[in-house]
Amino acid sequence: YFSTPPFHEPTGAKWELFKSYNSRDVEVEMAIQQRLSKYPVPPSVWEEYVLDQEINDRGIRLDMPLVENAVQIDALTKEKLTDRLKTLTGLENPNSVVQMKAWLKERGVETESLDKKAVAALLANVPAPLKEVLELRQQLAKSSVKKYQAMQNTVCSDGRARGMFQFYGANRTGRFSGRHIQLQNLPQNHLTDLECARSLVRQGDYEALELLYDSVPDVLSQLIRTVFIPKEGRKFIVADFSAIEARVLSWLAKERWRMDVFADNGDIYCATAGRMFHCNVVKHGENGHLRQKGKQTELACGYGGSVGALKAFGALESGMKEEELKPLVDAWRAANPNIVDFWWAVDRAAKDCIKERSTKVTHGIRFIYRGGMMFIELPSGRRLSYVKPRIGENQFGGESITYMGLDLSKKWARIESYGPKLVENITQAISRDLLCYAMQTLRSMEIVAHVHDEIIIECDERVSLSAVCEQMARTPPWAEGLLLHADGFECTFYQKD
């Protein structure tokens, strides 16, 4: 017979402190629940949440033989690259930034960083022996199997990965965020013989890979997308919105010439360049070299960005000169006066809403002050929340909007904002609502994943791609006049078309 030892309740100051902490924790949770009860989640958002759970539970199939061989090939590659670098440099750990920077300094090359951009800049100027070392180190830095390892850790017994999408992961806009394998930041694929490279890795043929490709780590990186495959007898349809944020921004601001471009299925980057430089621009044709400038200013300037934003989007790396950046920004703003007006109309509406603790409306967007919160009501009826908004002073001595939220370091802090930034929130939030509407429209299909403005469907071979794109591009009742367009392709493994 076994007897249960007598139970002695803990005593002492620490135990009392522990009980007090737990009691206080419950009180705080109850207070939060009571506060949030004034702001119930709309039924439409609950419906989106249910669909999100269905997609997470369905999961997406992984090609595990490809994963396992990629991990093994990566280990072999890493070993060979490290050995070669040790031979060339004599360093104990050539992957160490500190050791490599010291080694380069001894040879007359000083650098603050060894990141991708810094190494690329150094490669243009260093002598051949150092160039080989930097190129090998660049390959070694790319020799990462973290995504493949995440797949090994995530895969279920039936070969599918689940739980990869966090509903309302971006708390400012309500966009989804990724979990586990993180589909939101997969490397792109540019290999012309993608299927051949994939087959070699799947077979574990390291020798052939080394013979046929300049960089095995680069091949492994480009093949990460291709691990996602449909089940037997099915195909993937990958469909995405065309220039969704540019379309939403044009619609909100009523920038007529841009909407006409979309109505004619035109190229917005060519049209923007043509408007900026007062000439006809045709992709791969007349004045085609200007399209890249149109594209980069379009991406950088839509939400108030200036020279710094252009640089962040790679303007200098693409061949633009420093002195032409400010004129490009000015040309874009001159070509899009209604968008610029929209930025400052939003700025005024938000400030007046906070100052007067009232409701303001501009361009179909409602700004509502209630219970110490500013809500921005979108055309869909969903609201964005800004906690404890105030009018503060910006670095230039002017008025700015501030509110409490999570800063870049994920700490609760007061965040500064202004019209163009709020326009970015609004545009991205509406783009998110359009994606959710499209997923609801295509709910009868087996959606296995979605990335930004893209949906991945696992379906029967007979399903029509054009029908899926047509359904995806349906405009919601709340977005009258918005011109949507969806493109797509079919594949037997996930890829970037």
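Which element gives the most to the lining of the second largest pocket? It's β10, as the first of these close-ups of a predicted model shows.

**View 1. The second largest pocket and its lining.** This pocket has a volume of about 1,200 Å³. Its lining takes in 32 residues, and those closest to the pocket centre are Leu 36, Tyr 39, Met 373, Phe 375 and Ser 385. Five elements are worth finding here, since each gives two or more residues to the lining: the helices α1 (13-36) and α2 (43-58), plus the strands β9 (373-377), β10 (383-393) and β11 (399-406). The share from β10 is five residues. Sort the lining by residue type and you get 18 nonpolar, seven polar and seven charged.

**View 2. Helix α11 crossing helix α18.** Two packed helices are described by the angle between their axes and the distance between the axes. Here α11 (residues 244-253) and α18 (residues 419-441) have axes that come within 9 Å and cross at roughly 115°. The crossing of α11 and α18 is right-handed. From α11, look for Ile 244, Glu 245, Val 248, Leu 249 and Leu 252. They meet Val 423, Ile 426, Thr 427, Gln 428, Ile 430, Ser 431 and Leu 434 of α18. Between them, the residues of this contact come out as eight nonpolar, three polar and one charged.

**View 3. What wraps up α11.** Stay with α11 and check its cover: nine of its ten residues are buried. The buried ones are Ile 244, Ala 246, Arg 247, Val 248, Leu 249, Ser 250, Trp 251, Leu 252 and Ala 253. The cover over them includes the strands β6 (234-241) and β8 (365-370), along with the helices α12 (256-263), α14 (291-301), α17 (337-356) and α18. Just past α11 comes Lys 254, with a positive phi near 60°.

**View 4. Val 126 in its loop.** Now for a single residue, Val 126, in the loop that runs between α5 (116-123) and α6 (128-142). Is Val 126 buried or exposed? Val 126 counts as buried because its relative accessibility is 12%, and the cut-off for buried is under 20%. Setting aside neighbours within four places in sequence, Val 126 is in contact with Val 109, Lys 131 and Leu 134. For a sense of scale, pick out Asp 260 as well: Val 126 and Asp 260 are 134 residues apart along the chain, and their C-alpha atoms are separated by 50 Å.

Notes:
Residues numbered from 1 in each chain as written. Predicted model: local features only at pLDDT ≥ 70, side-chain atom pairs only at ≥ 80, totals over all residues. Heavy atoms only, no water. Axes fitted to C-alpha atoms, helices over the stretch in contact; angles between N-to-C directions. Helix = DSSP H or I, 4+ residues; strand = E, 2+ residues; numbered from the N terminus. Left-handed = near helix turned anticlockwise from the far one by under 90°. Contact = heavy atoms within 4.5 Å. Nonpolar A, V, L, I, M, F, W, Y, C, P; charged D, E, K, R; others polar. 1 Å grid on protein atoms, 1.4 Å probe; cavity = no way out; pocket = protein on both sides within 12 Å on 5 of 7 lines; lining within 4 Å. Points joined across faces, edges and corners; volume = space filled by probe spheres on them. Buried < 20%, exposed > 50% of the residue type's maximum accessible area, 1.4 Å probe, protein only.
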